[in-house]
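Hi,

Here is the structure I promised to pass on. Have a look at it first, and then read on for what turned up.

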Amino acid sequence: MALFDPKAKEISGYQRSIDERTSSIRKYYDEIGKLYYDQYKDMNVDNTKDINTRCEAITRLSNEIEDYKLKILFVKGLKKCPNCGTENSLEYGFCFKCGSKFSEDSAQEPKSDFEKAEEQLEEVAEAAEAAEAVEAAVEEKAEEAAAEAEKKDEE
Ligand SMILES: [Zn+2]
């Protein structure tokens, strides 16, 4: 039954995230309208900063919605042609409509900017850990050498 389909469950989760963002965007549009009106009405009021913050939030939310849409497509076994926007099967190497070539990683799960940023952070942390290990090894060697030299001095 569709209700127990894990894919359907995943899709409805993404859909819920999209709906939440859509209603946040609507709320921001309302607020921007009010802020702009207050500024229009009273010359001494400057709401530019508050309006800009909301515009930026709308852009961020819109990008996140696009990410979720791509994830839904992926669950359905589809991907979007970056050239014409046509939905293609994941395994296609070329768009069946416009013939554009898909990138090598086009069949992989799409990642949101947030996930990409998290991955980068992980890589940085791993590199830092590796650097620390090297430093510790170098220090150990230096200590060994110093101990060795001391021994020789005593002899
Ligand atoms: Zn295309």
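Which residues are the protein donors of the zinc ion? In this predicted model, they are Cys81, Cys84, Cys95 and Cys98, each through its SG atom, at 2.2 to 2.3 Å from the metal. The site is tetrahedral, with angles of 106 to 114° among the 4 donor atoms. Along the chain, the donors follow the spacing C-x2-C-x10-C-x2-C. Cys81 sits in the loop between β1 (78-80) and β2 (87-89), and Cys98 in the loop between β2 and α3 (113-154), so this pair ties together parts 17 residues apart in sequence. Cys81 is buried at 4% relative accessible area, while Cys98 is partly exposed at 34%.

As for the overall layout, the domain assignment splits the chain into domain 1 (1-76), domain 2 (78-107) and domain 3 (111-155). The centres of domain 2 and domain 3 are 44 Å apart, taken over C-alpha atoms.

Then there are the salt bridges, 7 in the structure. One of them joins Glu64 to Arg21, with the closest N and O atoms 2.6 Å apart. Glu64 is in helix α2 (residues 48-75) and Arg21 in helix α1 (residues 6-41), so the two tie together parts 43 residues apart in sequence. Arg21 is buried at 16% relative accessibility, whereas Glu64 is partly exposed at 23%. Both belong to a salt-bridge network with Arg60.

Another salt bridge pairs Arg54 with Glu31, again with 2.6 Å between the closest N and O atoms. Within helix α1, Lys34 and Asp38 lie 4 residues apart, about one turn, and their side chains form a salt bridge at 2.9 Å, N to O.

Cheers

Methods: Residues are numbered from 1 along each chain as its sequence is written. This is a predicted model: local features need pLDDT of at least 70, side-chain atom pairs count only at pLDDT 80 or more; totals for chains, interfaces and linings use all residues. Side-chain values use heavy atoms; hydrogens and water are left out. Domain bounds come from an automatic or database domain assignment. Donors are N, O and S atoms within 2.8 Å of the metal (3.2 Å for Na, K and Ca); water is not among the atoms, so sites may look incomplete. Four donors count as tetrahedral if all angles lie between 85 and 135 degrees; four count as square planar and six as octahedral if opposite donors are over 155 degrees apart and all others between 65 and 115; anything else is irregular. Buried means under 20% relative accessible area, exposed over 50%, partly exposed in between (1.4 Å probe, protein chains only). A salt bridge is a side-chain nitrogen of Lys or Arg within 4 Å of a carboxyl oxygen of Asp or Glu.
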